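Me: I have a structure open and would like to talk it through with you before I set anything up. Could you go over it with me, piece by piece?

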Amino acid sequence: MPDIGGIQLLPETRKDLKLKRPGENKFLYIGIAILSVVVVLALGLTFYKMGLDNKITDLNQRFGDNEQRRDKNQERDLRIAEIQLKTISTLVKNHALATTAFDKIASLLNKQARAANFSLEISRGKISMKVEALNYMVVARQIASFLSDDFIKKLTIGKITLGTNGKLEFGVEIDFDKSRIIPNHESGN
């Protein structure tokens with residue numbers, strides 16, 4: 001364009017970009033390649049993030065649906081039932097041990113002796129009872145009967161007294177081996 005009013009806006013001649021040496025623009029090409037890789041990675045990560053966001057939204061929706069379907073009263077009832085079953089399991093296990101222990105003591109009891117006031121401590125493996133016998137010979141046989149069985153680890157005889165009914169009365173504490181009654185029973189339970 002020609003000079004208008006003393007100001008030239010654009011040059012009248014145009015210069016061409018001429019390469020003087022081959023490979024002079026390699027930094028330009030490397031920069032464009034790196035920029036292209038960065039753009040592709042950015043687009044890929046953006047799409048990956050959108051996919052993860054969609055999965056999170058879907059999972060949140062599922063959790064919300066599951067939360068709405070929960071019956072909290074039924075869950076509470078199930079927790080109570082679990083506690084009751086654990087308690088019953090312990091009672092049944094201890095009942096089996098107690099029944100077997102009492103049966104074992106009854107089988108060792110002399111026919112001329114009578115036991116009363118049983119007390120059983122399963123955790124300690126201890127039975128306490130009061131025994132009535134007709135005479136000292138029956139007392140001696142009863143002690144011998146108790147000591148003859150491997151089930152009884154320790155036998156403690158209390159003071160022998162004459163009862164109001166004319167029979168001899170004495171206390172007995174028996175420490176027994178729980179594993180002899182129920183072989184799989186652990187001593188800690």
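**Talking through the model**

Reply: Glutamate 169 is found in strand 5, and that is a convenient place to begin, with the caution that the whole model is predicted.

Me: OK, is glutamate 169 buried or exposed?

Reply: Glutamate 169 counts as buried, because its relative accessibility is 16% and the cut-off for buried is under 20%.

Me: And what does glutamate 169 touch, not counting residues up to four places away?

Reply: With those set aside, glutamate 169 touches Lys130, Val131 and Glu132, and also Lys159, Ile160, Thr161 and Gly163. As a separate distance, the C-alpha atoms of glutamate 169 and asparagine 135 are separated by 9.6 Å, with their positions 34 residues apart along the chain.

Me: Let me step back. How many helices and strands are there?

Reply: The protein chain has four helices and five strands, and from the N terminus on they run α-α-β-β-α-β-β-β-α. Of its 189 residues, 21% are buried, and among contacts with a separation of 6 or more, 53% are between residues 24 or more positions apart.

Me: Where is the confidence highest and where is it lowest?

Reply: Among the elements, helix 1 (residues 26-69) has the highest confidence, at a mean of 92, whereas helix 4 (residues 178-181) has the lowest, at 71. Over residues 185-189 the pLDDT is below 50, and this stretch has eight contacts in the model beyond near neighbours in sequence. For the protein chain as a whole, the mean pLDDT is 83, and 82% of residues reach 70 or more.

Me: What does UniProt list for residues 27-48?

Reply: The UniProt record, which is an unreviewed entry, lists residues 27-48 as "transmembrane region". In the model that span is 100% helix and 0% strand, and its end C-alpha atoms lie 31 Å apart. Just beside its start, lysine 26 lies over the face of phenylalanine 27, at 5.7 Å from the ring centre.

Me: Switching to the core: which residues touch the most other members?

Reply: The largest nonpolar core has 20 residues, and those touching the most other members are Ile105, Met129, Phe146, Phe151, Ile152, Val172 and Ile174. At least two core residues come from each of helix 2 (72-108), strand 1 (113-121), strand 2 (126-133), helix 3 (136-147), strand 3 (152-157) and strand 5 (168-176). Strand 5 gives the most, with five residues.

Me: How many aromatic pairs are there?

Reply: The count comes to two aromatic pairs. In one of them, the rings of phenylalanine 102 and phenylalanine 118 have centres 5.0 Å apart and planes at 75°, so the pair is edge-to-face. This pair links distant parts of the chain, since phenylalanine 102 is in helix 2 and phenylalanine 118 is in strand 1, 16 residues apart. Phenylalanine 102 is partly exposed, with a relative accessible area of 28%, and phenylalanine 118 is also partly exposed, at 39% relative accessibility.

Me: What about phenylalanine 151 and phenylalanine 176?

Reply: Their ring centres are 5.3 Å apart and their planes lie at 25°, so phenylalanine 151 and phenylalanine 176 are a stacked pair. Phenylalanine 151 lies in the loop between helix 3 and strand 3 and phenylalanine 176 lies in strand 5, so the pair ties together parts that are 25 residues apart in sequence. Both phenylalanine 151 and phenylalanine 176 are buried.

Me: Now helix 3. What is glutamine 142 in contact with, leaving aside neighbours within four places?

Reply: Glutamine 142 lies in helix 3 and is in contact with Leu108, Leu109, Asn110 and Ala113 once those neighbours are left aside. Glutamine 142 counts as buried, at 1% relative accessibility.

Me: And arginine 141?

Reply: Arginine 141 is also placed in helix 3, but it counts as partly exposed, at 45% relative accessibility. Not counting residues up to four places away in sequence, arginine 141 touches Asn110 and Gln112.

Me: Last one: what is the phi of asparagine 117?

Reply: Asparagine 117 has a positive phi of about 50°, although it is not a glycine. Most residues other than glycine have a negative phi. Asparagine 117 lies in strand 1 and counts as exposed, at 58% relative accessibility.

Notes:
Residues numbered from 1 in each chain as written. Predicted model: local features only at pLDDT ≥ 70, side-chain atom pairs only at ≥ 80, totals over all residues. Heavy atoms only, no water. UniProt positions renumbered as here; feature names shortened; annotations may be inferred. Core = buried A, V, L, I, M, F, W, Y, C linked by side-chain atoms within 4.5 Å. Buried < 20%, exposed > 50% of the residue type's maximum accessible area, 1.4 Å probe, protein only. Phe/Tyr/Trp six-rings, centres within 6.5 Å; stacked < 30°, edge-to-face > 60°. Lys NZ or Arg CZ within 6 Å of the ring centre and 35° of its normal. Contact = heavy atoms within 4.5 Å. pLDDT = per-residue confidence, 0-100.
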